Amino acid sequence: MRILVIEDYELLRESVAQGLREAGFAVDTAATGPQGLWQAQGEAYDVIILDLMLPGMDGLTILKKLREKKNAAHVLILTAKDAPHDRVRGLDHGADDYLTKPFVFAELAARVRALVRRKYDARAPILRVGDLALDTAARTAWRAGREVELSAREYALLELLALRAGQVVTRTEIWGHVYEMDSAADSNVVDVFIGHLRKKIEQPGLPRLIHTRRGHGYVLKEEA
Amino acid sequence: MQSLRSRLMLGTAAATAALFALLGVAVFLAVRSAILSEFDATLVAKAQALAAMTEQDSHGVHLDFEASQLPEFQRSSKPEYFQLWLDDGTTLAKSPSLIARHSPVTSTGPAGSASADRQLSHSDGPNDPSPVVLPDDRAGRQVVLHFQPRLDDEDKDSGKSPHMVWLAVGYHTSGIERILRTIAGLLAGVCGGATIAAVGVMALVVRRGLRPATELAGRIAAVGATDLSQRIELAGTPRELSPVVQRTNELLTRLDAALTREKAFTADAAHELRTPLAGLQTALEVCASRPRDAQAYQQTLASCLRAVRGMHRMVENLLLLARADARQLRITKEPIAAEPFLQECWAACAGRAAERRLRVVWRVPADAVVNSDPEKLGMVMGNLFENAVAYADESGDLLIALAERDGVCQLQVANSARGMETSAMPHVFERFWRSDAARSEAGAHCGLGLALCRKLMEALGGSATATLEEGRFVVTVVFPRS
């Protein structure tokens, strides 16, 4: 899942980005308002973490513009302003969640995960497709009752397919949601990773779950 | 400090009582004087009548027979008295009241009086009616006449020299005493009653009159200690109290503004510290979330330390501002050689200026000496230099100038600032205000630098102002020469 962090205080920005990357997300960052808006409009992010006091353009203005353009990203406002009227204003401007500084990082990560689930309309933290189960909090996958060892990137890819279970996910979409901005663009990489994933998930004797739709993309579901 | 009401009451009551007392006494004295002069007139008339009845003939001086039979000289209770003497002291006649009824002859006096007869005295010479103790030990008034008695017609031509005689007549004053006592009592009663009535009326008037003051006190008390937005209603306030109301309202406005500023400042300060704190917390939490290699730890430690130093600076600046606000700064002025002093302040920024390829121009007279507090002035200059170096355009220029004129020293620090907007100018000295350029400087600046400069300059007896001219941001600091 792809996250954009827009925050001007460097230490905070880089620490949040690092923490989220280590939690398995693909994270991009921006240090000013205009830069953040430009990036948000240029890519399909799942969650945007937005500070309110930004140089060049304040957070609420960015939020308004994103909502006007019907940007699909879920926005979490991260700010030092904690008065109730500030929270009301933020949420009324179109934010999906609000967290005040300073905060416990684990809480930020959990809220981001919840926002991702909400975006894909999956309420429960455990995703199930057939006998495949994904624990989105622990970022673990289980097939037929046995845990499957996955790298972070592999898990992220599987999670995307699971959240869109039953729907065809194109390579571009996979690319957009699992890889960061400065990764080298190469559609072959997606195929290679799908191959790795299949090797781990599909077992002889167990029904196939990852299906190829030639010319379109991939879909995760029980039967072909 | 007594209440207004008791002061007014005491004053008016005392004045009223004194006034009425004086009035009463004056009236009493006037009445007494009138009564006494009436009495004296009667006494003198009686004496003169008796004198008219005194005649001298060939046998000597004697009183006409009827005179001694006048009833007032004969009665036993509070009689009147008279006595007639010759110049040599011989008593010629006495009123029956002076003659003892039952007492035996005891002694003879120098006046030739007989037995224990009572006497009047004329030793003080002729006088108008004056108080005397009568022979029956009662108070009275006595008049003494010295005259030549009427000569009997027959002896007028005999050539006999006339004698001079003394006549003393004494009358009781018990009657008028009683009258005067009655009058005195009446006057005392009336004056006392009038005083009490007047004091009563005064009390009502005073209470009525002071009501605006008590009402005002009530309205002032009603202004809540927590809600300073209230003001006291000026309408209906008496003229004497309107300055009080106006001043109080002004004070309330100033207090309200000051408290709002303070609340905003405290809120801003806490707020400003949250972001660096959040940075620290997240950096440390993420670093600690899994094992890492030494280099990663070192990097995290270095970043956190930088953040801590930034917060430390902010806290120190805040404390300084708070002390300056509360006027708790100690200023000790001394002569400072300007050029070396400014060079020292500059030393900390010189490296960064070189990094950013800034061209620095110095216009400081080599021999200039200023009189100020070196520590505080050093802080001001340090702040100004840091700001200028940080926000000057890359490869821009910096000007540091010192000029003395009209008893003041003027220091200017200017940096090229093409990207600065005039809309920002009114805010530059506000606390926690940062230009966008400042904010993207990795949180190193918290927006207190210029606010602190201005506050410190005020404490040093000077001022700080800023202008934006021809793409250059100029801060001018002025302070007295001594």
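Begin in chain B by selecting B:Arg5, B:Arg207, B:Arg208 and B:Arg211, which together form a positive surface patch in what is, as should be kept in mind throughout the tour, a predicted model. If you then colour the elements of chain B, you will find that helix α3, covering residues 174–222, gives the most to this positive patch, with 3 residues.

From the patch, pick out B:Arg208, which is found in helix α3 of chain B. Is B:Arg208 buried or exposed? Its relative accessibility is 59%, and because a residue counts as exposed when this value is over 50%, B:Arg208 falls in the exposed class.

Stay on helix α3 of chain B and move the selection to B:Ala213, which also has its place there. B:Ala213 has a relative accessibility of 30%, so it counts as partly exposed. With B:Ala213 still selected, add B:Thr237 and draw a distance between the two C-alpha atoms: the residues are 24 apart in sequence, while the separation in space is 8.7 Å.

Next, turn to the cysteines of chain B, selecting B:Cys409 and B:Cys453 one after the other. B:Cys409 has a relative accessible area of 0% and is therefore buried, and B:Cys453, at 2% relative accessibility, likewise counts as buried. How many disulfides are there over all chains? With a disulfide taken as a pair of cysteine sulfur atoms within 2.5 Å, the count over all chains comes to 0.

Now go to chain A and select A:Lys101 together with A:Pro102, where the peptide bond leading from the lysine to the proline is cis, with omega near -10 degrees. To place this bond in its surroundings, display the loop between β5 (97–100) and α5 (105–119) of chain A, which is where A:Pro102 lies.

Further along chain A, select A:Ala144, in the loop between β8 (140–143) and β9 (146–148). The backbone deserves a look here, since A:Ala144 has a positive phi of about 50 degrees although it is not a glycine. With a relative accessibility of 42%, A:Ala144 counts as partly exposed.

For the last stop, return to chain B and select B:Glu470, which lies in the loop between β14 (463–469) and β15 (472–480). B:Glu470 is not a glycine, yet its phi is positive, at about 50 degrees. What is the relative accessibility of B:Glu470? The value is 79%, so B:Glu470 counts as exposed.

Definitions and conventions: Residues are numbered from 1 along each chain as its sequence is written. Chains are lettered from A and ligands numbered from 1 in the order in which they are written. This is a predicted model: local features need pLDDT of at least 70, side-chain atom pairs count only at pLDDT 80 or more; totals for chains, interfaces and linings use all residues. Side-chain values use heavy atoms; hydrogens and water are left out. Patches are made of residues with over 30% relative accessible area and no salt bridge: like charges are joined within 9 Å, nonpolar side chains (Val, Leu, Ile, Met, Phe, Trp, Tyr) within 5 Å. Accessible areas come from the Shrake-Rupley method with a 1.4 Å probe; for residues, only the protein chains shown count as cover. A salt bridge is a side-chain nitrogen of Lys or Arg within 4 Å of a carboxyl oxygen of Asp or Glu. Lys and Arg count as positive and Asp and Glu as negative; His and the chain ends are not counted. The place of a charge is taken as NZ of Lys, CZ of Arg, CG of Asp or CD of Glu. Helices (H or I, at least four residues) and strands (E, at least two) are DSSP runs, numbered from the N terminus. Buried means under 20% relative accessible area, exposed over 50%, partly exposed in between (1.4 Å probe, protein chains only).
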